[in-house]
Structures are given as structure tokens and as C-alpha cells.
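User: Please take a close look at the side-chain contacts in this model, beginning with the charged pairs, and explain what each one joins and how its partners sit relative to the surface.

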Amino acid sequence: MPMSAVLENTAKTKTPKQWLPGLITSVMFLIVCLSWGTTWLGIKIAVESVPPLTSAGLRFLIAFPLFLCFARVRREPILFPRESRWFFVFVTLSYFSVPYYLLNYGEMHVSSGLTALLFSCMPVFILIFSALFLRERIYFSQVVGIGIGFGSLYMIIRSQGLHLDHAEFFGVLAILTAAIMHALCYVITKQKGSAISVITYNTLPIGIAGLMLFVAGLWFETPTFEDITLRSWSALFYLGLVASVGGFIVYFMLLKRLSPIILSFVFIIFPVFAVIIGAWYEGVALSRDLMLYSAILLAGFAITKLPIEKLLAKKIEPSTTTREQHGCPSSHRPGTDLRPRRPLLPRRVLRFRFRRWQRVPGQQYPERTAPQKPRQVPTQRGQRLHLCRGRHPAAEQGDAQRQPGGGDLPLAPGCRRLFQR
């Protein structure tokens, strides 16, 4: 076979390895966006014949066995650490129990697409809570993004013809409250529960929350299971198996392939899928105003995730590797000479002067003397032979020294002085 054919075959075999990982990552990213984008339509179908408390509880009870098997396969503990038991109660109530009941209640009065757009405000609340609890800095561009997002959200509600009567107002308020509670839980998790694995964080809280919601639904709502339609049962199983477990597993795998900043844009992209799928299911045409204001809303919230000031700072400052190569600290002013300069005085003199500056006047200090190293006299014959490689001329005349370890061996003058000391 000629060499050209061999090169063509190797090029053909190497080409799929280059684009295949990127294709797999793109497909996984699309799966997460689709599974979480269709969640809102699934909730809308489920609450058609199932009350909100019972619907949320059944969804989590369906998902809990699969989460338990996934934790078993990964050999992850399902119990929180003993010192984080209060945090376990907080996650169970403020992340799973109350918010998902509020979402189910809100979708009884608000469309699925608008619910997804309202819930997409969560990154804004995360930014606010991070500034309050984690003392993180808020940039001016992020404030502008928050203003753009909420302004366009108001225009979306107005363009959709919501008059915000009693039921619609409480539906919108319930969805926004669920977004606020999720944002608070994310920030507290970053502060207190960063050492807990993702599987442990979800498995047991989702099971206990499902049991609590189901029991509360049986007590307060008294549902009749004969009236639950096949569509609602299908939506509940889809929410429990695909949207919760499947989306979570794929998202967990994407954490190893993408950076957290890029992956966080899932929360901005899936509302687009939710709006399109919800309009298709309800048979409503997408108006220009809705598409325009939705694009402005998501752009404003994207600015809150990637502030312009940070991007400009990364372009202006020199790279860290260049600074380290030249021995320059990370706070060095860009544009100056990065080569290390030789000090005017030796380091010992500088250290001595610095200590003199730290001394309190009028107080006596002991003079520091250099420690004296103890002299080690070799006792083994091999060490003496190594030190005394030369042969003294007096040895030829019979003037030999007695070794400390025994035996006669002529020694050089330096070794003789060493043994005399």
C-alpha cells in the first residue's frame, strides 16, 4: 500500500475522534434544555385532574426509587453529615416541598410558557442573595441587566393580556416566591453545604418531601384517584422519570464536560423551549411582542451572569503565567517591566533593618548569634578512608597514627588534626 493511502486512512480514523466528543456534549446540552423546558408543560397537564399538593408528592415519590438506585450505583451516602442535619431540613422544605407546591398552584392560573419566563428570574435573586449573604460584588452592568429583565417581564405580562385578577395575581406571586426560595437555597447551599455531594443533596430530601406533600394532599385536598386522567398520570411519570431523574443525570454528566458558567446558561435557554412548546400545545400563535420581550428578558438576565466589567478586566490584565514566569506578583500593574530587579541591599541586611524597625525603644533585646554546628568526628573506617584519600609521607618512615576504631592506617595532616580535636 502506498504511503499516501496510509496517510488518508489515518486521517479518516482520527477525524471522528475530534468532532465526536463535541457532538455528544451538544446533544446532552440539548437533552437537558428539552427535558427542563417541557417540565412546565408536564406540570400544566398534571394539575388538570390532580390537585397541586398531591401532584407534587406523586412526582417525587415516582422519582425517589431511581434516585436511590443511582446513589447505590455511585456508592454515595444518602444521609447528610451529622453536623448538617438542620441544613437537611432547610433543603427539604425550601427547595423541594414548598416551592414545587407553589409552582403547581401557579400553573393552575398561568400558562406554562409564562411560568417558565417568571421562573427564569431566579439568577437575579441569586445575585441579590449572594451580595447579602456571601458579600459578593454587584457590578453596574448587572444592575442594568436586572432592570432590563424586570422591565421586559412587565411588558410580557402586559402583552399576554393578563389583567391580574385575584387568581392570576396569586398565581404569578406563587411562581415568583418559588423562584426566590430556590435562589435562597442555592446561596445557602454554596455557603453551608458545598462539601455535600450532589446525589446526597437530592436523594433523601426528594423522598421525604414527596411523602410529606402526598400525605398533606390526602389530608387537605382529598383527591379521588378514579378521576385522574391518563394524560395526568402520563405527565406525572414523565415528570418523575424523565424531567427529574433523566435531566438530573445528564446535567450531572455535563458538569464534567463544561464549565459551570457555560452550563448555567441552561436556565436561560430552557424558557425559550418552554414558551415554544407551550404555545404549540395550547394552540396559541406567538406574537411579535412576546418574542421580542422574551429575547430582551433573557439577554438582560444573561448580563447578570456574565458582567461586562469582568470580561474587560480579563482582556486588559496580563496572564498569570506570564507574571509567574517573570517572578512578578499577581497584583502587578500591567504595562510595566515584569522582569525581577536586583535589590540594592543584600537580603540579610534588609532583614536586619526590618527587625530593627520593629523593636520598641527602651527595651533590651538579646543579641542574636549564629548557631554553631556540632563537629562530627567520623568513627568508621570507611568514612576515614573517604576523607583521607592522600597518604602522608611520614607513613613511609613508620610514623603511623593509631585509629580510634582500631587498626593502623597512615592519615593525612588534615585528618590528624580532626582526630586530635
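Analyst:

**Side-chain contacts**

In this predicted model, the side chains of E136 and K190 meet in a salt bridge, with a nitrogen-to-oxygen distance of 3.1 Å. E136 belongs to the loop between α6 (122–133) and α7 (140–159), while K190 belongs to helix α8 (residues 166–192), so this pair ties together parts that are 54 residues apart in sequence. The two partners fall into separate accessibility classes: E136 counts as partly exposed at 34% relative accessibility, whereas K190, with a relative accessible area of 54%, is exposed.

The count of salt bridges comes to 2, and the other pair is formed by the side chains of E48 and R231, where nitrogen and oxygen are 3.3 Å apart. Here E48 lies in the loop between α2 and α3 (52–74) and R231 in helix α10, so the contact ties together parts that are 183 residues apart in sequence. E48 is partly exposed, its relative accessible area being 46%, and R231 is likewise partly exposed, at 44%.

Turning from charges to rings, the structure holds 22 aromatic pairs. In one of them, the ring centres of W40 and F119 are 5.3 Å apart and the planes stand at 50°, so the pair is tilted. This pair, too, reaches across the sequence, because W40 sits in helix α2 (residues 39–46) and F119 in helix α5 (residues 112–119), and the parts that are tied together are 79 residues apart. Both rings belong to buried residues: W40 has a relative accessible area of 5%, and F119 has one of 8%.

W233 and F237 provide another ring pair, with centres 6.4 Å apart and planes at 40°, so this pair is tilted as well. The cut-off for pairing is 6.5 Å between centres, so the 6.4 Å of W233 and F237 falls within it. The setting of this pair is local, since W233 and F237 are 4 residues apart in helix α10 (residues 230–254) and are therefore separated by about one helical turn. W233 counts as partly exposed at 27% relative accessibility, and F237 counts as partly exposed at 40%. Helix α10 thus holds this ring pair and also contributes R231 to the salt bridge with E48.

Ring pairs also build a cluster, linking F60, F80, W86, F87, F88, F90, Y95, F96, Y100, Y186 and Y201.

As for cysteines, the structure holds 0 disulfides. C69 is partly exposed, with a relative accessible area of 46%, whereas C185 is buried, with a relative accessible area of 0%.

At the surface, W19, L20, L23, I24, V27 and I31 make a nonpolar patch of about 510 Å². One of these residues, V27, lies in helix α1 (residues 3–37), and at 40% relative accessibility V27 counts as partly exposed.

Taken together, the E48–R231 salt bridge ties a loop to helix α10 and the E136–K190 salt bridge ties a loop to helix α8, while the W40–F119 ring pair ties helix α2 to helix α5 and the W233–F237 ring pair stays inside helix α10.

Key:
Residues are numbered from 1 along each chain as its sequence is written. This is a predicted model: local features need pLDDT of at least 70, side-chain atom pairs count only at pLDDT 80 or more; totals for chains, interfaces and linings use all residues. Side-chain values use heavy atoms; hydrogens and water are left out. Rings of Phe, Tyr and Trp (its six-membered ring) pair if their centres lie within 6.5 Å; planes under 30 degrees apart count as stacked, over 60 as edge-to-face and the rest as tilted. Helices (H or I, at least four residues) and strands (E, at least two) are DSSP runs, numbered from the N terminus. Buried means under 20% relative accessible area, exposed over 50%, partly exposed in between (1.4 Å probe, protein chains only). A disulfide is a pair of cysteine sulfur atoms within 2.5 Å. A salt bridge is a side-chain nitrogen of Lys or Arg within 4 Å of a carboxyl oxygen of Asp or Glu. Patches are made of residues with over 30% relative accessible area and no salt bridge: like charges are joined within 9 Å, nonpolar side chains (Val, Leu, Ile, Met, Phe, Trp, Tyr) within 5 Å. Accessible areas come from the Shrake-Rupley method with a 1.4 Å probe; for residues, only the protein chains shown count as cover.
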